[in-house]
Amino acid sequence: MAKTAPKPGYRCAECGWRTTKWVGRCGECQAWGTVDEEGARAGATVVQAGATTAPALPIGQVKAEVATARTTGVAELDRVLGGGLVPGAVVLLAGEPGIGKSTLLLEAAARIAERATVLYVTGEESAAQVRLRADRIGAIQDQLYLAAETELSALVAHVEKVQPRLLVVDSVQTIGSAQATGVPGGVTQVREVAANLVRLAKERNMATVLVGHVTKEGSIAGPRTLEHLVDVVLNFEGDRHSRLRMVRAIKNRFGPTDEIGCFDLHERGIEGITDPSGLFVSRRSEPVAGTCVTVTVEGTRPLPAEVQALVARTEAQQPRRTSSGLDTYRVQMVLAVLERRLNARLGGCDVFTATVGGIKLADPAVDLSVMLAVASAAGDKPLPPGLVALGEVGLAGELRPVKDVRRRLTEAARLGFKRALVPAGSLEEGGRRRGGQRALVPVGPVAFAPGFEVVQAENVWDALTHVT
C-alpha cells in the first residue's frame, strides 16, 4: 500500500498558532498575513560545535565603554533614548505617514555628521527629494552620505564602501531581499531584512535607525518579531493639524521607557521644546465649567495638562461616552464612581472628555481631575481659578496618593497656580485626621511658593465639597 505524502502545515509567525490549511488571518492572535507554510517538521538534529566570534570573558573584564551612549545633538531625542545612541544599537522609529519622522532623523543625522560618518538610505523618496528637505532645514554636511536603494544587497554594499558610524534606513518596509519570498513590506521580507540589518549593526558596532510604518490602529506594521529584534522602539506621535510632536519610548534596553520628547515641527525643520509646560493648558480670561488642570509625570518631567469635559442631555437609549487623549476604561470607572458615590445623574447624558494639545494621559493621578471636570460640567459651575487636582480614585470613592507629589506641586507653583487638591497622606505635614474627624486638612502656605495652598482630601466627597 502506497504511503501518502504528509500534509503541509501552516504556522503563524506572530504567536506560533498552527493549522492544516492556509488562512489569511491567524485564529489565535487575529493578525493578518502572518500564516505561512512550514512543511513537514523534521526530527531534531544534533548541532556540532562551531567557531566562536570572540572568547568568553569574565564579566568584570568586559569593556563597558563600548556601550556608552553618544549624543545625537538633538537634546529631546537624547532624553528619550537615555542619553543618545549606543554603538551597535538598532532603533525602530514608528509613526504615521507625514508626521515628521524623516525630518527628525535627517536633522539628527546632520548633527551627528559633524563628527562622524553617516549613511542615510531612502527607499520611499529619491535622493533629490531628500536633498531638497536637507536644504530647507539646513542639514547639509560633508560626512552625511545619501543613497536611494530598495535592495538589501545594494544597501550592504553602500555600508561596506562608506563605513558609517550611523545608518538610517527610511523605511524598513521598502527594502527587499532576493533571499526571501514575497514582496517588500511583507511579513517574510520585513523579518529577513530586519534580521540582516541587526546582524550588520552588531558586527560593525554601527548604530542603526530603522523607520517603520504603522497600521490604521496605530500599532507598528509588520511582524511582532521586528520589535523583539531591535534594541529600542520609539513611537512618533502628534496631530497632523498641529505643530506639536512627541517621541515616546516603548522599549529601551539602554534607558528608561517613560520619558517623552517634545518637538515643534515647522516649515524650517523640527526643533526640540525644552520646556513644554503650558502647552497642554488653555489660556482664558474667565473660568469655564467642565475644565480642570492636573500635573502628570513623564519620566523626570512634570507636565501640567488640562482635562475638559462636556455633559449634554440626550434622548438616545445608549448615551455616548467618548474620550480623547484619556484611558477610556479609567474614565468609565470614574463616571461609575460619580454616579454611585456622589449620586450624580449621568444616565441620560452624553459625556465627552478630552485633553488639550493632543497629549495622551495614562497616569492614574489624572482620575481626580477627570471627576472634577465632569462634575463641573454636569452642574455647569466652573471650578475655582488657579486650582490643580491630582489623585487616583478608588472604586469605594477613596482618594489614593500618587508618586512624585512634591515635584508636581513645585511645577504647578512655578506656573502660577495658587491651590492644589491632593489625596490625604500625600505630604508629611498633613494627611492625618484632626480630633478623630474626617475633615479637610489644609497645608498652606508651604515651601513650594508664597501663597500656594495644598488641601488634602480623603475621598471624592471631601474633594467635591472643597471645590464647590
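**Figure 1. Leu197 in helix α5 of the predicted model.** Leu197 counts as buried, because its relative accessibility is 1%, and buried here means under 20% relative accessible area. The residue sits in helix α5, which covers residues 187-204. Setting aside neighbours within four places in sequence, Leu197 is in contact with Leu152, Leu155, Leu167, Val169 and Leu210. One of these contacts, Leu152, is 45 residues away from Leu197 in sequence, and the two C-alpha atoms are 8.8 Å apart.

**Figure 2. The loop between β4 and α2, with Glu96 and Ile99.** Strand β4 spans residues 90-95 and helix α2 spans residues 101-112. An unreviewed UniProt entry lists Gly95, Glu96, Pro97, Gly98, Ile99, Gly100, Lys101 and Ser102 under "binding site". Glu96 has a relative accessible area of 41% and is therefore partly exposed, a class that lies between the 20% and 50% cut-offs. Ile99, in contrast, has a relative accessibility of 1% and so counts as buried. Not counting residues up to four places away in sequence, Glu96 touches Lys101, Val214 and Phe236. With the same exclusion, Ile99 touches Phe236, Glu237, Gly238, Arg245 and Leu265.

**Figure 3. Strand β9 and its pairing with β4 and β10.** Strand β9 consists of residues 232-237, and 6 of its 6 residues are buried. Val232, Leu234 and Phe236 point one way from the strand, while Val233, Asn235 and Glu237 point the other way. β4 and β9 run parallel and are joined by 5 bridges; in one of the pairs, Leu92 has Val233 of β9 as its bridge partner. Between β9 and β10 (residues 244-252) there are 6 bridges, and these strands run antiparallel. Val233 also stands opposite Lys251 in β10. The two strands β9 and β10 form a hairpin with 6 residues between them. In the turn, Gly238 has a positive phi of about 155 degrees.

**Figure 4. The open sheet of strands β2, β1 and β3.** The sheet has 3 strands in the order β2-β1-β3, with antiparallel pairing. Its edge strands are β2 (18-19) and β3 (35-37), each of which pairs on one side only. β1 is made up of residues 10-12, and 2 bridges pair it with β2 in the antiparallel sense. Tyr10 has Thr19 in β2 as its bridge partner.

**Figure 5. The largest cavity and its lining.** The model has 4 cavities of 30 Å³ or more. The largest cavity holds about 100 Å³ of space. Its lining comprises 14 residues, and Leu77, Leu85, Leu105, Ala108 and Val209 lie nearest the centre. At least two lining residues come from each of α1 (75-81), β4, α2 and β7 (166-170). Helix α2 gives the most, with 4 residues. By class, the lining has 13 nonpolar residues, 1 polar residue and no charged residues.

**Figure 6. The second largest cavity and its lining.** This cavity has a volume of about 70 Å³. The residues that line it are Leu326, Asp327, Arg330, Val331, Val334, Leu361, Asp363, Val366, Asp367 and Val370. Helices α7 (328-341) and α8 (367-379) each supply at least two of the lining residues, and α7 gives the most, with 3. The lining divides into 6 nonpolar, no polar and 4 charged residues.

Notes: Residues are numbered from 1 along each chain as its sequence is written. This is a predicted model: local features need pLDDT of at least 70, side-chain atom pairs count only at pLDDT 80 or more; totals for chains, interfaces and linings use all residues. Side-chain values use heavy atoms; hydrogens and water are left out. Two strands pair if DSSP finds at least two bridges between them. UniProt positions are given in the numbering used here, feature names are shortened, and annotations may be inferred rather than shown by experiment. Buried means under 20% relative accessible area, exposed over 50%, partly exposed in between (1.4 Å probe, protein chains only). Contact means heavy atoms within 4.5 Å. On a 1 Å grid over the protein atoms alone, a cavity is a set of points where a 1.4 Å probe fits but cannot get out, and a pocket is an open set with protein on both sides within 12 Å along at least five of seven lines; lining residues have an atom within 4 Å of a point. Grid points are joined across faces, edges and corners, and a volume is the space filled by probe spheres set on the points. Ala, Val, Leu, Ile, Met, Phe, Trp, Tyr, Cys and Pro count as nonpolar, Asp, Glu, Lys and Arg as charged, and the others, Gly among them, as polar.
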